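Below are my notes on the model you sent round. They are in numbered points, so that you can reply to each in turn.

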Amino acid sequence: MHARAAVLGSPVSHSLSPLLHRTAYECSGLIEWTYDAYEVRRDGLADFVLGLGPQWRGLSLTMPLKEEALLVAADSTALALQVGAANTLLRRADGRWRADNTDVEGVRAALAAAGVGRVRPARRATVLGSGATARSVLAALARLQTREVTFVVRDVPRESTLAQARDHGLDVRIVVGTEAIAAWADADVVVSTTPARASDGLARAVGAAVESGAIDRDAPHGQVLLDVVYDGWPTVLAQVLTARGTVVVGGIEMLVHQAADQFTLMTGKPAPLEQMQTVGRAAVSG
């Protein structure tokens, strides 16, 4: 039987999810599976999902649908409810949908592969942004034994994100504007959850602080940056911290790991992770 899956979002044209999932299908011999991309806005998600036939098995969700997905689903996993966001909808046996979150595993696996928890602990983290992706990051950091988190925000962080951080037992600090520069200096892990170019100004300020000697020229041994952006890589932030000696992880690593988890949930088969990594990395490297 023909089985269908897709990624939904707005904008969605840049998404590499079709490439990753189609590669996984090909490597796994799932010739009856197809995976596409659809432009769907928040107010159109419920109608889109309602109109899907029985051949549809799963949906990947990107912004701005990750919170809306919880309202569309018949039920949600404990993790999706805890995070307050779902990047995955899975077709249940009764035809309705279950919301799940594989972003958490995507973040955890990407950081672990870069040595977090092995080369350097993740006790102190700095997180840019406080939206749905930031909440997935918090859940992943909690699994990596993080104790303290500093939020870098433009204005006021989302209270739901702060509440989740406290639920994880994390000590929370909030910095705004130029105060944020010092938050980079000795963090074990830095994670940017902001859109492409949103962190450019702050990144340049960090670079200037390094040049002036306001913060150490060299990053602490084993410091890791995960920037969730993968379109338009490398970001200014990635370039600045690479020059400082930080281990930089691109958003493609998170994307591949979360897609691999989705693939297994949708198909019931182990994901061909190495092949997915190969095509994903090639796509962002030009």
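**Notes on the model**

1. Just past the end of helix 9, G213 has a positive phi, about 90 degrees. This is a predicted model, and the points below should be read with that in mind.

2. Helix 9 itself runs over residues 200-212. Its 13 residues should span 18 Å at 1.5 Å a residue, and the C-alpha atoms at its ends are 18 Å apart, so the two figures agree.

3. Which residues of helix 9 are buried? They are D200, L202, A203, V206, G207, A209 and V210. Several of these spacings can be read against a general rule: an α-helix has 3.6 residues a turn, so residues three or four places apart point the same way. The partners of the buried set are strand 7 (124-128), strand 8, helix 8 (182-185) and helix 10.

4. The loop between helix 9 and strand 11 contains D216. Is D216 buried or exposed? With a relative accessible area of 57%, D216 lies above the 50% cut-off and therefore counts as exposed. Beyond its neighbours within four places in sequence, D216 is in contact with V210 and R244. V210 is also one of the buried residues of helix 9. As a distance check, the C-alpha atoms of D216 and V127 are separated by 20 Å, with their positions 89 residues apart along the chain.

5. On the other side of helix 9, the loop from strand 10 (189-192) holds R197. R197 is not a glycine, yet its phi is positive, about 75 degrees. R197 is exposed, at a relative accessible area of 65%.

6. Q145 is a further non-glycine residue with a positive phi, here about 70 degrees. Its place is the loop between helix 6 (132-143) and strand 8 (148-153). The relative accessible area of Q145 is 52%, so Q145 counts as exposed. For background, most residues other than glycine have a negative phi, and most peptide bonds are trans. I would list Q145 and R197 together when backbone angles are discussed.

7. Where are cis peptide bonds found? One runs from S10 to P11, with omega near 5 degrees, and P11 sits in the loop between strand 1 and helix 1. Another joins W233 and P234, with omega about 0 degrees. P234 belongs to the loop between strand 11 (224-227) and helix 10 (236-243).

8. Helix 1 covers residues 17-28. The helix has twelve residues, and the distance from its first C-alpha to its last is 16 Å, close to the 16 Å expected at 1.5 Å a residue. After helix 1 comes G29, with a positive phi near 75 degrees.

9. Within helix 1, the buried residues are S17, P18, L20, H21, T23, A24 and Y25. They pack against three strands, namely strand 1 (3-9), strand 2 (33-39) and strand 3 (56-61), and against helix 11 (251-267) and helix 12 (273-284).

10. What is the relative accessibility of S17, a residue of helix 1? The value is 4%, which is under the 20% cut-off, so S17 counts as buried. Apart from neighbours within four places in sequence, S17 is in contact with V7, Y35 and L255.

11. For the protein as a whole, there are twelve helices and twelve strands. The radius of gyration is 19 Å, close to the 19 Å that the globule rule gives for 286 residues, so the protein is as compact as a globular protein of that length. Along the principal axes, the C-alpha atoms fill a box of roughly 65 × 40 × 30 Å.

12. Of the 286 residues, 53% count as buried. Among contacts with a separation of 6 or more, 67% come from residues 24 or more positions apart. The protein exposes about 12,600 Å², and carbon and sulfur atoms supply 50% of that area.

13. On charge, the protein has 28 positive and 30 negative side chains. The centres of these two sets lie 2 Å apart.

Note on methods
Residues are numbered from 1 along each chain as its sequence is written. This is a predicted model: local features need pLDDT of at least 70, side-chain atom pairs count only at pLDDT 80 or more; totals for chains, interfaces and linings use all residues. Side-chain values use heavy atoms; hydrogens and water are left out. Helices (H or I, at least four residues) and strands (E, at least two) are DSSP runs, numbered from the N terminus. Buried means under 20% relative accessible area, exposed over 50%, partly exposed in between (1.4 Å probe, protein chains only). Contact means heavy atoms within 4.5 Å. The radius of gyration is taken over C-alpha atoms; the globule rule is 2.2 Å times the number of residues to the power 0.38. Accessible areas come from the Shrake-Rupley method with a 1.4 Å probe; for residues, only the protein chains shown count as cover. Lys and Arg count as positive and Asp and Glu as negative; His and the chain ends are not counted. The place of a charge is taken as NZ of Lys, CZ of Arg, CG of Asp or CD of Glu. The expected span of a helix is 1.5 Å times one less than its number of residues.
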